[in-house]
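Got your viewer open? Let's take a walk through this one, stop by stop.

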Amino acid sequence: MTEKIRIIDAKEHVNEEVKIGAWLTDKRSSGKIAFLQLRDGSAYFQGVVSKADVSDEVFKLAKELRQESSMWITGVIHQDSRSHFGYEIEVRDIELVGDSEDYPITPKEHGIEFLLDHRHLWLRSKRQFAIQQIRNEMIRATFEFFNNEGFIKMDPPILTDSAPEGTTELFETDYFDKKAYLSQSGQLYAEAGAMAYGKVFTCGPVFRAEKSKTRRHLTEFWMIEPEMAFCHQEESLKVQERYVAYLVQAVLDNCSYPLHLLGRDPEVLKQYTKLPYPRISYKKAIEMLQDAGMDVKYGDDFGSPEETYLSDQFDQPVFVLNYPKNIKPFYMLTDPDDPQQYVCADMLAPEGYGEIIGGSERETDYDTLKASIEKAGLDLDEYEWYLDLRKYGSVPHSGFGLGLERAITWICKLDHLREAIPFPRIINRLKP
Ligand code: 4AD
Ligand code: MG
(Lines give C-alpha, C1' and ligand atoms only; values in the text may rest on other atoms or scores of the structure.)
(Ligands and ions follow the chains in the order given, each with its own letter.)
Protein backbone atom coordinates (compact mmCIF):
# COMPACT_ATOMS: atom_id res chain seq x y z
CA MET A 1 0.00 0.00 0.00
CA THR A 2 1.33 3.44 -0.95
CA GLU A 3 1.46 5.63 2.13
CA LYS A 4 -0.47 8.91 2.14
CA ILE A 5 1.84 11.69 3.35
CA ARG A 6 1.99 15.48 3.53
CA ILE A 7 4.62 17.42 1.60
CA ILE A 8 6.28 18.65 4.79
CA ASP A 9 7.13 15.03 5.69
CA ALA A 10 8.79 14.28 2.33
CA LYS A 11 12.23 14.08 3.97
CA GLU A 12 11.19 10.92 5.81
CA HIS A 13 10.21 9.16 2.58
CA VAL A 14 13.15 9.61 0.23
CA ASN A 15 13.10 6.98 -2.54
CA GLU A 16 9.70 5.71 -1.39
CA GLU A 17 6.49 5.75 -3.37
CA VAL A 18 3.90 7.96 -1.66
CA LYS A 19 0.51 9.51 -2.31
CA ILE A 20 -0.21 13.20 -1.71
CA GLY A 21 -3.44 15.20 -1.94
CA ALA A 22 -2.37 18.49 -3.53
CA TRP A 23 -3.35 21.56 -5.49
CA LEU A 24 -1.52 22.95 -8.50
CA THR A 25 -0.12 26.45 -7.99
CA ASP A 26 1.77 26.76 -11.26
CA LYS A 27 3.06 24.64 -14.11
CA ARG A 28 5.71 24.59 -16.81
CA SER A 29 6.05 22.01 -19.55
CA SER A 30 8.02 21.25 -22.64
CA GLY A 31 7.91 18.30 -25.06
CA LYS A 32 8.58 15.34 -22.80
CA ILE A 33 8.48 16.78 -19.32
CA ALA A 34 6.10 18.77 -17.12
CA PHE A 35 6.98 20.54 -13.86
CA LEU A 36 4.05 20.87 -11.50
CA GLN A 37 4.28 23.32 -8.60
CA LEU A 38 2.29 21.67 -5.84
CA ARG A 39 0.98 22.67 -2.46
CA ASP A 40 -0.96 20.71 0.14
CA GLY A 41 -1.22 23.23 2.98
CA SER A 42 1.89 21.92 4.71
CA ALA A 43 4.52 23.08 2.19
CA TYR A 44 5.20 23.72 -1.49
CA PHE A 45 7.29 21.55 -3.77
CA GLN A 46 7.73 20.40 -7.34
CA GLY A 47 6.35 17.37 -9.10
CA VAL A 48 8.25 16.18 -12.16
CA VAL A 49 6.25 14.31 -14.79
CA SER A 50 8.33 12.58 -17.47
CA LYS A 51 6.50 11.26 -20.49
CA ALA A 52 8.55 8.06 -20.26
CA ASP A 53 7.43 7.31 -16.66
CA VAL A 54 3.65 7.71 -16.95
CA SER A 55 0.80 6.59 -19.18
CA ASP A 56 -0.10 8.77 -22.17
CA GLU A 57 -3.33 9.73 -20.41
CA VAL A 58 -1.53 10.92 -17.29
CA PHE A 59 1.00 12.91 -19.30
CA LYS A 60 -1.81 14.57 -21.25
CA LEU A 61 -3.59 15.38 -17.98
CA ALA A 62 -0.38 16.85 -16.50
CA LYS A 63 -0.04 19.20 -19.45
CA GLU A 64 -3.68 20.29 -19.21
CA LEU A 65 -3.93 20.80 -15.45
CA ARG A 66 -5.12 24.28 -14.48
CA GLN A 67 -4.08 26.49 -11.59
CA GLU A 68 -5.66 25.39 -8.26
CA SER A 69 -7.12 22.15 -9.57
CA SER A 70 -6.83 19.45 -6.92
CA MET A 71 -5.48 15.95 -7.35
CA TRP A 72 -4.00 12.83 -5.86
CA ILE A 73 -0.39 12.57 -6.86
CA THR A 74 1.41 9.25 -6.61
CA GLY A 75 5.15 9.19 -7.06
CA VAL A 76 8.62 8.73 -5.60
CA ILE A 77 10.27 11.33 -3.35
CA HIS A 78 13.76 12.48 -4.31
CA GLN A 79 16.19 14.95 -2.89
CA ASP A 80 16.31 18.19 -4.86
CA SER A 81 19.32 20.25 -3.95
CA ARG A 82 18.25 23.13 -6.22
CA SER A 83 15.22 24.12 -4.15
CA HIS A 84 15.27 25.53 -0.62
CA PHE A 85 12.70 22.91 0.36
CA GLY A 86 15.13 20.18 -0.67
CA TYR A 87 12.77 17.50 -2.05
CA GLU A 88 10.61 16.85 -5.08
CA ILE A 89 8.33 14.10 -6.31
CA GLU A 90 8.85 12.06 -9.47
CA VAL A 91 5.26 11.59 -10.53
CA ARG A 92 3.91 8.16 -11.50
CA ASP A 93 0.20 8.84 -11.46
CA ILE A 94 -2.23 11.76 -11.21
CA GLU A 95 -5.89 11.47 -10.32
CA LEU A 96 -7.81 14.71 -10.83
CA VAL A 97 -10.13 15.41 -7.85
CA GLY A 98 -11.55 18.89 -8.50
CA ASP A 99 -11.01 20.92 -11.64
CA SER A 100 -10.47 24.68 -11.44
CA GLU A 101 -11.29 27.18 -14.14
CA ASP A 102 -10.14 30.80 -14.37
CA TYR A 103 -8.63 31.01 -10.89
CA PRO A 104 -8.67 34.75 -10.25
CA ILE A 105 -5.30 35.12 -8.50
CA THR A 106 -2.75 34.49 -11.23
CA PRO A 107 1.03 34.58 -10.75
CA LYS A 108 1.06 38.22 -11.96
CA GLU A 109 0.80 41.18 -9.55
CA HIS A 110 -2.61 42.13 -8.17
CA GLY A 111 -3.78 45.24 -6.33
CA ILE A 112 -4.39 45.01 -2.58
CA GLU A 113 -8.17 45.63 -2.80
CA PHE A 114 -8.51 42.85 -5.37
CA LEU A 115 -6.56 40.51 -3.12
CA LEU A 116 -8.62 41.44 -0.07
CA ASP A 117 -11.83 40.85 -2.05
CA HIS A 118 -10.46 37.38 -2.75
CA ARG A 119 -9.06 36.79 0.72
CA HIS A 120 -10.73 33.35 0.85
CA LEU A 121 -8.44 32.34 -2.05
CA TRP A 122 -5.49 34.63 -1.34
CA LEU A 123 -4.89 32.59 1.85
CA ARG A 124 -3.55 29.83 -0.42
CA SER A 125 -0.57 31.84 -1.64
CA LYS A 126 2.93 31.17 -0.33
CA ARG A 127 3.30 34.43 1.53
CA GLN A 128 -0.06 34.08 3.28
CA PHE A 129 0.74 30.47 4.10
CA ALA A 130 4.00 31.60 5.72
CA ILE A 131 2.26 34.27 7.81
CA GLN A 132 -0.41 31.87 9.03
CA GLN A 133 2.23 29.30 9.97
CA ILE A 134 3.98 31.92 12.07
CA ARG A 135 0.69 33.07 13.60
CA ASN A 136 -0.05 29.47 14.54
CA GLU A 137 3.39 29.05 16.09
CA MET A 138 3.00 32.24 18.11
CA ILE A 139 -0.36 31.07 19.49
CA ARG A 140 1.11 27.66 20.29
CA ALA A 141 4.13 29.23 21.99
CA THR A 142 1.84 31.60 23.94
CA PHE A 143 -0.08 28.70 25.46
CA GLU A 144 3.16 26.85 26.14
CA PHE A 145 4.83 29.84 27.77
CA PHE A 146 1.96 30.69 30.10
CA ASN A 147 1.24 27.06 30.95
CA ASN A 148 4.92 26.57 31.81
CA GLU A 149 4.73 29.62 34.05
CA GLY A 150 1.71 28.30 35.94
CA PHE A 151 -0.97 30.49 34.37
CA ILE A 152 -4.51 29.29 33.74
CA LYS A 153 -6.14 30.10 30.40
CA MET A 154 -9.36 31.93 31.17
CA ASP A 155 -12.03 32.89 28.64
CA PRO A 156 -13.71 36.23 29.27
CA PRO A 157 -17.11 37.07 27.74
CA ILE A 158 -17.38 38.91 24.43
CA LEU A 159 -20.83 40.37 25.09
CA THR A 160 -20.42 42.92 27.87
CA ASP A 161 -21.99 45.99 29.33
CA SER A 162 -18.73 47.78 30.14
CA ALA A 163 -16.04 49.81 28.38
CA PRO A 164 -12.64 49.11 29.94
CA GLU A 165 -10.61 51.07 27.38
CA GLY A 166 -12.92 54.05 26.91
CA THR A 167 -16.38 54.62 25.51
CA THR A 168 -15.56 56.06 22.09
CA GLU A 169 -14.63 52.80 20.39
CA LEU A 170 -17.50 50.50 21.28
CA PHE A 171 -19.48 48.30 18.93
CA GLU A 172 -23.01 48.33 20.22
CA THR A 173 -25.51 45.57 19.68
CA ASP A 174 -29.03 44.78 20.85
CA TYR A 175 -29.19 42.36 23.73
CA PHE A 176 -32.89 41.56 24.12
CA ASP A 177 -34.35 44.71 25.68
CA LYS A 178 -30.91 46.18 26.52
CA LYS A 179 -27.77 47.35 24.83
CA ALA A 180 -24.62 45.26 24.89
CA TYR A 181 -21.11 45.95 23.63
CA LEU A 182 -18.57 43.73 21.96
CA SER A 183 -15.65 43.40 24.36
CA GLN A 184 -12.73 45.79 23.90
CA SER A 185 -10.56 43.86 26.31
CA GLY A 186 -10.94 40.89 28.63
CA GLN A 187 -8.86 42.58 31.30
CA LEU A 188 -11.48 43.37 33.93
CA TYR A 189 -12.60 39.74 33.83
CA ALA A 190 -8.98 38.57 33.89
CA GLU A 191 -8.57 40.58 37.11
CA ALA A 192 -11.44 38.61 38.63
CA GLY A 193 -9.64 35.49 37.38
CA ALA A 194 -6.35 36.53 38.97
CA MET A 195 -8.08 36.97 42.33
CA ALA A 196 -9.55 33.48 41.94
CA TYR A 197 -6.62 31.57 40.43
CA GLY A 198 -3.53 33.73 40.95
CA LYS A 199 -2.21 33.87 37.40
CA VAL A 200 -4.46 33.77 34.34
CA PHE A 201 -4.23 34.66 30.68
CA THR A 202 -6.81 35.23 27.99
CA CYS A 203 -6.42 34.75 24.26
CA GLY A 204 -9.30 35.80 22.10
CA PRO A 205 -10.88 38.37 19.82
CA VAL A 206 -11.60 41.92 20.96
CA PHE A 207 -13.32 44.70 19.11
CA ARG A 208 -12.63 48.39 18.65
CA ALA A 209 -14.80 50.67 16.56
CA GLU A 210 -11.64 52.53 15.55
CA LYS A 211 -12.33 55.12 12.93
CA SER A 212 -8.60 55.22 12.24
CA LYS A 213 -7.63 53.82 8.86
CA THR A 214 -4.00 53.17 9.69
CA ARG A 215 -1.99 50.07 8.91
CA ARG A 216 -1.89 49.36 12.65
CA HIS A 217 -5.61 49.19 13.37
CA LEU A 218 -8.10 46.41 12.98
CA THR A 219 -11.66 46.61 14.29
CA GLU A 220 -11.45 42.95 15.35
CA PHE A 221 -8.12 41.68 16.63
CA TRP A 222 -6.77 39.05 18.98
CA MET A 223 -5.31 39.94 22.31
CA ILE A 224 -3.41 37.93 24.88
CA GLU A 225 -4.04 39.36 28.35
CA PRO A 226 -2.13 37.89 31.30
CA GLU A 227 -3.08 39.06 34.78
CA MET A 228 -1.14 38.28 37.96
CA ALA A 229 -2.12 38.63 41.63
CA PHE A 230 0.48 39.59 44.25
CA CYS A 231 2.48 41.13 41.43
CA HIS A 232 3.89 44.61 41.01
CA GLN A 233 4.68 46.26 37.69
CA GLU A 234 8.39 45.44 37.85
CA GLU A 235 7.65 41.71 37.90
CA SER A 236 5.09 42.11 35.12
CA LEU A 237 7.66 43.88 32.91
CA LYS A 238 9.97 40.91 33.36
CA VAL A 239 7.20 38.50 32.34
CA GLN A 240 6.48 40.68 29.28
CA GLU A 241 10.03 40.66 27.99
CA ARG A 242 10.46 36.95 28.67
CA TYR A 243 7.19 36.26 26.84
CA VAL A 244 8.11 38.32 23.77
CA ALA A 245 11.60 36.82 23.62
CA TYR A 246 9.97 33.36 23.91
CA LEU A 247 7.69 34.10 20.95
CA VAL A 248 10.63 35.21 18.82
CA GLN A 249 12.69 32.16 19.82
CA ALA A 250 9.78 29.81 19.05
CA VAL A 251 9.44 31.31 15.57
CA LEU A 252 13.21 30.99 15.04
CA ASP A 253 13.17 27.37 16.23
CA ASN A 254 10.07 26.16 14.41
CA CYS A 255 9.41 28.44 11.45
CA SER A 256 12.59 28.60 9.41
CA TYR A 257 10.74 27.63 6.23
CA PRO A 258 8.01 30.32 6.63
CA LEU A 259 10.70 32.89 7.50
CA HIS A 260 12.56 31.92 4.33
CA LEU A 261 9.35 32.28 2.26
CA LEU A 262 8.87 35.78 3.72
CA GLY A 263 12.50 36.74 3.23
CA ARG A 264 12.76 37.58 6.95
CA ASP A 265 16.36 37.39 8.15
CA PRO A 266 16.61 35.18 11.27
CA GLU A 267 19.77 37.02 12.35
CA VAL A 268 17.74 40.19 12.83
CA LEU A 269 15.16 38.33 14.92
CA LYS A 270 17.87 36.72 17.05
CA GLN A 271 18.81 40.00 18.68
CA TYR A 272 15.26 40.28 20.08
CA THR A 273 15.80 37.22 22.23
CA LYS A 274 18.43 39.05 24.29
CA LEU A 275 17.20 40.33 27.64
CA PRO A 276 16.60 42.72 29.28
CA TYR A 277 14.89 45.13 26.90
CA PRO A 278 15.73 48.82 27.28
CA ARG A 279 13.40 51.13 29.22
CA ILE A 280 12.72 54.85 28.97
CA SER A 281 10.23 57.00 30.80
CA TYR A 282 7.38 58.76 29.01
CA LYS A 283 9.05 62.04 29.99
CA LYS A 284 12.30 60.96 28.36
CA ALA A 285 10.36 59.86 25.27
CA ILE A 286 8.83 63.34 24.98
CA GLU A 287 12.31 64.85 25.21
CA MET A 288 13.62 62.54 22.49
CA LEU A 289 10.72 63.44 20.21
CA GLN A 290 11.17 67.15 20.87
CA ASP A 291 14.90 66.87 20.16
CA ALA A 292 13.97 65.28 16.83
CA GLY A 293 11.88 68.35 16.05
CA MET A 294 8.47 66.78 16.62
CA ASP A 295 5.66 68.92 17.96
CA VAL A 296 4.73 67.08 21.17
CA LYS A 297 4.47 68.04 24.83
CA TYR A 298 3.84 66.32 28.16
CA GLY A 299 0.27 64.99 28.14
CA ASP A 300 0.12 64.14 24.42
CA ASP A 301 -0.60 60.61 23.30
CA PHE A 302 1.71 59.07 20.73
CA GLY A 303 0.43 58.46 17.23
CA SER A 304 2.08 56.26 14.64
CA PRO A 305 4.81 58.80 13.68
CA GLU A 306 5.92 59.24 17.31
CA GLU A 307 5.92 55.50 18.01
CA THR A 308 7.76 54.81 14.77
CA TYR A 309 10.42 57.38 15.62
CA LEU A 310 10.90 56.05 19.15
CA SER A 311 11.04 52.40 18.19
CA ASP A 312 13.54 53.23 15.44
CA GLN A 313 15.95 54.51 18.08
CA PHE A 314 16.42 51.05 19.61
CA ASP A 315 17.67 47.71 18.29
CA GLN A 316 15.32 45.84 20.59
CA PRO A 317 11.77 46.22 21.86
CA VAL A 318 11.68 49.16 24.27
CA PHE A 319 9.42 49.86 27.26
CA VAL A 320 8.03 53.38 27.63
CA LEU A 321 7.14 53.79 31.30
CA ASN A 322 4.61 55.81 33.24
CA TYR A 323 2.33 57.78 30.97
CA PRO A 324 0.30 60.76 32.17
CA LYS A 325 -3.18 59.92 33.41
CA ASN A 326 -5.12 61.87 30.80
CA ILE A 327 -4.17 59.44 28.01
CA LYS A 328 -4.63 56.13 29.86
CA PRO A 329 -7.65 54.22 31.21
CA PHE A 330 -9.12 54.51 34.70
CA TYR A 331 -8.03 51.20 36.20
CA MET A 332 -4.31 51.93 36.42
CA LEU A 333 -2.37 52.49 39.65
CA THR A 334 -1.35 56.07 40.39
CA ASP A 335 2.42 56.51 40.44
CA PRO A 336 3.38 57.13 44.08
CA ASP A 337 6.34 59.25 42.89
CA ASP A 338 4.29 61.45 40.59
CA PRO A 339 0.49 61.49 41.04
CA GLN A 340 -0.11 62.98 37.59
CA GLN A 341 0.93 59.69 35.98
CA TYR A 342 0.26 55.96 36.23
CA VAL A 343 2.47 52.94 36.91
CA CYS A 344 2.16 51.59 33.40
CA ALA A 345 4.18 50.75 30.31
CA ASP A 346 3.82 50.19 26.60
CA MET A 347 6.26 47.98 24.76
CA LEU A 348 7.24 49.34 21.36
CA ALA A 349 8.59 46.89 18.78
CA PRO A 350 11.74 47.81 16.88
CA GLU A 351 12.16 48.47 13.15
CA GLY A 352 9.57 51.22 13.48
CA TYR A 353 6.67 48.89 14.37
CA GLY A 354 5.48 50.71 17.48
CA GLU A 355 3.22 49.53 20.31
CA ILE A 356 2.68 45.81 20.65
CA ILE A 357 1.92 45.67 24.40
CA GLY A 358 0.02 47.91 26.79
CA GLY A 359 0.00 47.12 30.49
CA SER A 360 0.03 48.44 34.03
CA GLU A 361 -0.19 47.77 37.70
CA ARG A 362 -3.86 48.09 38.72
CA GLU A 363 -5.43 50.37 41.28
CA THR A 364 -6.21 48.27 44.36
CA ASP A 365 -7.89 50.79 46.62
CA TYR A 366 -11.70 50.75 46.58
CA ASP A 367 -12.30 54.47 47.05
CA THR A 368 -9.61 55.59 44.63
CA LEU A 369 -10.87 53.24 41.93
CA LYS A 370 -14.48 54.29 42.50
CA ALA A 371 -13.49 57.93 42.10
CA SER A 372 -11.59 57.13 38.86
CA ILE A 373 -14.61 55.32 37.41
CA GLU A 374 -16.82 58.30 38.19
CA LYS A 375 -14.24 60.71 36.82
CA ALA A 376 -14.11 58.72 33.58
CA GLY A 377 -17.86 59.30 33.24
CA LEU A 378 -18.66 55.59 33.49
CA ASP A 379 -21.75 54.12 35.08
CA LEU A 380 -20.90 52.85 38.60
CA ASP A 381 -23.63 50.19 38.44
CA GLU A 382 -21.80 48.42 35.63
CA TYR A 383 -18.58 48.34 37.61
CA GLU A 384 -19.96 47.20 40.94
CA TRP A 385 -18.67 43.66 40.42
CA TYR A 386 -15.26 45.03 39.44
CA LEU A 387 -15.16 47.15 42.59
CA ASP A 388 -15.99 44.02 44.61
CA LEU A 389 -12.52 42.74 43.72
CA ARG A 390 -11.17 45.63 45.88
CA LYS A 391 -13.55 44.81 48.71
CA TYR A 392 -12.72 41.19 49.36
CA GLY A 393 -9.01 40.64 49.79
CA SER A 394 -7.67 43.23 47.38
CA VAL A 395 -4.00 42.64 46.48
CA PRO A 396 -1.40 44.34 44.29
CA HIS A 397 -1.82 42.99 40.79
CA SER A 398 -0.53 43.73 37.32
CA GLY A 399 -1.16 42.64 33.79
CA PHE A 400 -0.80 43.49 30.16
CA GLY A 401 -2.24 42.93 26.72
CA LEU A 402 -0.28 41.88 23.65
CA GLY A 403 -1.95 42.58 20.30
CA LEU A 404 -1.36 39.35 18.39
CA GLU A 405 -1.56 40.87 14.91
CA ARG A 406 0.77 43.71 15.91
CA ALA A 407 3.32 41.16 17.11
CA ILE A 408 2.92 39.03 13.96
CA THR A 409 3.28 42.07 11.70
CA TRP A 410 6.55 42.91 13.38
CA ILE A 411 7.98 39.39 13.52
CA CYS A 412 7.04 38.75 9.87
CA LYS A 413 8.07 42.30 8.88
CA LEU A 414 4.77 43.05 7.14
CA ASP A 415 3.61 46.49 6.00
CA HIS A 416 0.08 46.22 7.31
CA LEU A 417 -1.87 44.33 10.00
CA ARG A 418 -4.42 43.09 7.47
CA GLU A 419 -2.17 40.23 6.35
CA ALA A 420 -1.62 39.01 9.94
CA ILE A 421 -5.21 37.74 10.43
CA PRO A 422 -7.02 35.34 8.10
CA PHE A 423 -10.07 37.54 7.52
CA PRO A 424 -9.23 41.14 8.46
CA ARG A 425 -11.91 43.48 9.71
CA ILE A 426 -11.09 47.09 8.97
CA ILE A 427 -13.22 50.17 8.73
CA ASN A 428 -14.47 49.54 5.17
CA ARG A 429 -14.28 45.76 5.06
CA LEU A 430 -16.60 43.08 6.44
CA LYS A 431 -16.32 40.65 3.52
CA PRO A 432 -15.28 37.91 2.93
O1 4AD B 1 -3.19 49.20 24.84
P2 4AD B 1 -4.50 48.46 24.84
O3 4AD B 1 -5.71 49.21 24.46
O4 4AD B 1 -4.61 47.80 26.27
C5 4AD B 1 -5.64 47.07 26.75
O6 4AD B 1 -6.61 46.76 26.11
C7 4AD B 1 -5.43 46.59 28.14
N8 4AD B 1 -6.73 46.18 28.68
C9 4AD B 1 -4.42 45.48 28.16
C10 4AD B 1 -4.19 44.94 29.55
O11 4AD B 1 -3.53 45.59 30.34
N12 4AD B 1 -4.72 43.77 29.86
O13 4AD B 1 -4.36 47.23 23.86
C14 4AD B 1 -3.37 46.27 24.05
C15 4AD B 1 -2.68 45.93 22.74
C16 4AD B 1 -1.94 47.10 22.11
O17 4AD B 1 -0.66 47.25 22.68
C18 4AD B 1 -1.87 46.69 20.67
O19 4AD B 1 -0.83 45.74 20.48
C20 4AD B 1 -3.18 45.97 20.47
O21 4AD B 1 -3.64 45.57 21.74
N22 4AD B 1 -4.18 46.83 19.84
C23 4AD B 1 -4.62 46.68 18.57
N24 4AD B 1 -4.29 45.80 17.63
C25 4AD B 1 -4.93 45.91 16.44
N26 4AD B 1 -5.88 46.83 16.16
C27 4AD B 1 -6.24 47.73 17.09
N28 4AD B 1 -7.20 48.60 16.81
C29 4AD B 1 -5.59 47.68 18.37
N30 4AD B 1 -5.72 48.40 19.52
C31 4AD B 1 -4.86 47.86 20.38
MG1 MG C 1 -2.35 50.93 24.24
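The tour starts at the ligand, moves on to a small run of strands and ends at a couple of peptide bonds. Keep in mind that this is a predicted model.

**Stop 1: the ligand.** Select ligand 1 and you'll find it sitting in the largest pocket. Now show the residues around the ligand: there are 24 of them, and Glu165, Gln187, Arg208, Glu225 and Glu355 come nearest. Colour that shell by class and you get eight nonpolar, eight polar and eight charged residues.

**Stop 2: where the shell comes from.** Switch to cartoon view. Which elements give two or more residues to the shell around ligand 1? They are strand S12 (220-229), strand S16 (354-361) and strand S17 (397-403). Pick out S16 in particular, since S16 gives the most to this shell, with five residues.

**Stop 3: the polar contacts.** Go back to sticks and click through three residues.

- Glutamate 225: a polar side-chain atom lies 2.6 Å from a nitrogen atom of ligand 1.
- Isoleucine 356: here a polar backbone atom is 2.9 Å from an oxygen atom of the ligand.
- Phenylalanine 400: a backbone N or O atom is 3.4 Å from a nitrogen atom of ligand 1.

Before leaving, turn on a surface. On its own, ligand 1 has 620 Å² of accessible area, and the protein covers 94% of that.

**Stop 4: a three-strand sheet.** Next, select S8, S9 and S10. They make an open sheet in the order S8-S10-S9, with antiparallel pairing. Strand S8 (159-160) and strand S9 (172-175) are at the edges with a single partner strand each, so one side of each has no neighbour in the sheet.

Zoom in on S9 and strand S10 (residues 178-182), which pair in the antiparallel sense over four bridges. To see one of the partnerships, select glutamate 172 and look across to S10: its bridge partner there is tyrosine 181.

Then follow the chain into the loop between S9 and S10, where you'll meet phenylalanine 176. Check its backbone: phi is positive, about 55°, although this residue is not a glycine.

**Stop 5: two cis prolines.** Where does proline 276 lie? Look in the loop between helix H8 (266-270) and strand S13 (279-281). The peptide bond joining leucine 275 to proline 276 is cis, with omega about 0°.

For the other, jump to the segment after helix H13 (404-412) and select proline 432. The bond from lysine 431 to proline 432 is cis, and omega is near -5°.

Conventions. Residues numbered from 1 in each chain as written. Chains lettered and ligands numbered in written order. Predicted model: local features only at pLDDT ≥ 70, side-chain atom pairs only at ≥ 80, totals over all residues. Heavy atoms only, no water. Near = heavy atom within 4 Å. Polar contact = N/O pair within 3.5 Å; in protein donor to acceptor, adjacent residues only side chain to side chain. Areas by Shrake-Rupley, 256 points an atom, 1.4 Å probe, with all protein chains shown as cover. 1 Å grid on protein atoms, 1.4 Å probe; cavity = no way out; pocket = protein on both sides within 12 Å on 5 of 7 lines; lining within 4 Å. Sits in = over half its atoms within 2 Å of the grid points. Nonpolar A, V, L, I, M, F, W, Y, C, P; charged D, E, K, R; others polar. Pairing = 2+ DSSP bridges.
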